[in-house]
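Open the model in a viewer and keep the sequence panel visible. The stops below are given in the order in which to select them.

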Amino acid sequence: DKQFRIYGTARRFFGHGTARRIQHTLVPLVFRSLDLAKRVRARERAGETMQFASRRVFQFIHEICTALASSHPEVSLGLFVQSGQAADACEFDPIAYEFFTQAFILYEDLVDSKVQ
């Protein structure tokens, strides 16, 4: 719980940075959050009661990836794919589907903009 609150606070502070800076500060936060989601999911499977669900961590990750998509679509594309793989590993099929859907949408936008 403490670690998730720390990540939330870090996200708020990092979000105030410039578009150039957030590409470097939010990416490690996403990967650490993915690790946290996997650990929380393992505890949930073991029957432990947690103050927050691993689904909430994936929601947090989705918010970060979406925020990055407008200024850094290439970076966000990779994060959506990584997040989808992690959600699939945690057996959250609808969440994984959402991450992959967003990745495909970004990919189509990138391809269309480069073709034009």
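## Stop 1: Ile-22

Ile-22 has a relative accessibility of 11% and therefore counts as buried. The model is a predicted one. Select Ile-22 and colour its helix, which is H2. Then show its contacts beyond the neighbours within four places in sequence: Phe-14, Gly-17, Val-27, Leu-68, Ser-71 and His-72. For a distance check, pick the C-alpha atoms of Ile-22 and Ile-105, which lie 21 Å apart in space and 83 residues apart in sequence.

## Stop 2: H1 against H2

Select residues 2–15 for helix H1 and residues 19–45 for helix H2. How far apart are the axes of this pair, and at what angle do the helices pack? The axes are 11 Å apart and the angle is about 165°. H1 is therefore roughly antiparallel to H2, since angles over 145 degrees count as such. The crossing of H1 past H2 is left-handed.

To see the contact, show side chains on both helices. H1 contributes Gln-3, Phe-4, Tyr-7, Ala-10, Arg-11 and Phe-14. From H2 come Ile-22, Thr-25, Leu-26, Leu-29, Arg-32, Ser-33, Leu-36 and Arg-39. Coloured by class, the residues of this contact are eight nonpolar, three polar and three charged. Ile-22 of the first stop is part of this contact, and Phe-14 is also on its own contact list.

Stay on H1 and select Phe-13, which lies in this helix. Is Phe-13 buried or exposed? Its relative accessibility is 60%, so Phe-13 counts as exposed. The C-alpha atom of Phe-13 is separated by 29 Å from that of Thr-49, 36 residues apart along the chain.

## Stop 3: H2 against H3

Keep H2 and add helix H3, residues 54–71. The axes of H2 and H3 come within 9 Å, with a crossing angle of roughly 160°. H2 is therefore roughly antiparallel to H3. This crossing, too, is left-handed. By class, the contact of H2 with H3 holds 16 nonpolar, four polar and two charged residues.

Next, select Ala-69, a residue of H3. With a relative accessible area of 18%, Ala-69 is buried; the cut-off is under 20%. Outside the neighbours within four places in sequence, Ala-69 is in contact with Ser-76 and Leu-106. Ala-69 and Leu-106 are 37 residues apart in sequence, and their C-alpha atoms are 7.7 Å apart.

## Stop 4: the nonpolar core

In soluble globular proteins, nonpolar side chains tend to be buried together. Here the largest nonpolar core has 34 residues. Which elements give two or more residues to this core? They are H1, H2, H3, helix H4 (73–89) and helix H5 (93–115). H2 gives the most, with nine residues.

Centre the view on Phe-58 and Ile-61, the residues with the most contacts inside the core. Then take Phe-58 alone and display what it touches, again without the neighbours within four places in sequence. Its contacts are Leu-34, Ala-37, Ser-83, Ala-86, Ala-87, Cys-90, Phe-92, Ile-95 and Phe-99.

Terms used: Residues numbered from 1 in each chain as written. Predicted model: local features only at pLDDT ≥ 70, side-chain atom pairs only at ≥ 80, totals over all residues. Heavy atoms only, no water. Axes fitted to C-alpha atoms, helices over the stretch in contact; angles between N-to-C directions. Helix = DSSP H or I, 4+ residues; strand = E, 2+ residues; numbered from the N terminus. Parallel < 35°, antiparallel > 145°, perpendicular 65-115°, else oblique. Left-handed = near helix turned anticlockwise from the far one by under 90°. Contact = heavy atoms within 4.5 Å. Nonpolar A, V, L, I, M, F, W, Y, C, P; charged D, E, K, R; others polar. Core = buried A, V, L, I, M, F, W, Y, C linked by side-chain atoms within 4.5 Å. Buried < 20%, exposed > 50% of the residue type's maximum accessible area, 1.4 Å probe, protein only.
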